[in-house]
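Subject: Handing over a structure

Hi,

Here is the structure I promised to pass on. My notes on what turned up follow right below it.

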Amino acid sequence: MDLGLQALRMRVLPVLALPQAVHGHARDSPCGMCSPSKPHHSIDHLKSRIHVPILIIHQCTITSANTEISAQYRQQMTEHHQERAEAYFSKQFAKSGSLHKYDSVNFHAILVPVPNKKLIVDAFTKQAALLKGV
């Protein structure tokens with residue numbers, strides 16, 4: 001089994017088991033939210049605590065034209081990416097909005113504008129190949 005997948009499963013499995021004991025009581029002594037006749041398997045109460053980071057690295061002409069992070073640079077970046085982000089999340093919500101409490105999940109777009117994406121991707125690919133042993 002791939003070590004990365006195994007590590008991911010080790011981190012995910014405790015989270016999947018969490019809702020059964022999330023209130024801090026034993027299964028045989030239910031609280032007001034659960035009862036012996038109503039199993040405790042929903043994660044609905046956790047959805048508002050879910051934060052999904054979306055890391056976007058992209059080649060940006062605004063970044064390549066600037067040498068420092070100034071107020072003007074920040075304003076240009078905000079104007080350029082605000083509409084694009086809103087359009088993306090509108091489409092995302094239109095596709096998945098029918099999922100129960102989907103609107104409670106928090107998404108965070110993290111923009112990483114770079115002047116030359118190819119240099120970074122090539123360096124990453126080369127390093128990954130070395131680590132993988134290819």
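The average pLDDT of the protein (the predictor's confidence in each residue, from 0 to 100) is 75, and 69% of the residues score at least 70. Among the elements, helix α4 (residues 117-132) has the highest mean, 92, and helix α1 (residues 3-17) the lowest, 40. Helices here are DSSP runs of H or I with at least four residues, numbered from the N terminus. Over residues 1-23 the pLDDT is below 50, and this stretch has 17 contacts (heavy atoms within 4.5 Å) beyond near neighbours in sequence. Where pLDDT is low, please don't read the predicted coordinates in detail.

As for the ground rules, this is a predicted model in which local features need pLDDT of at least 70 and side-chain atom pairs 80 or more, while totals for chains, interfaces and linings use all residues. Residues are numbered from 1 along each chain as its sequence is written, and side-chain values use heavy atoms, leaving out hydrogens and water.

Now to the rings. The whole structure holds 4 aromatic pairs (ring centres of Phe, Tyr or Trp, the last by its six-membered ring, within 6.5 Å; planes under 30 degrees apart are stacked, over 60 edge-to-face, the rest tilted). Tyr88 and Phe89 pair edge-to-face, at 5.1 Å centre to centre and 75 degrees between the planes. Phe93 and Tyr102 form a tilted pair, with centres 6.0 Å apart and planes at 35 degrees. Ring pairs join Tyr88, Phe89, Phe93, Tyr102 and Phe107 into a cluster.

Best wishes

How values were computed:
Helices (H or I, at least four residues) and strands (E, at least two) are DSSP runs, numbered from the N terminus.
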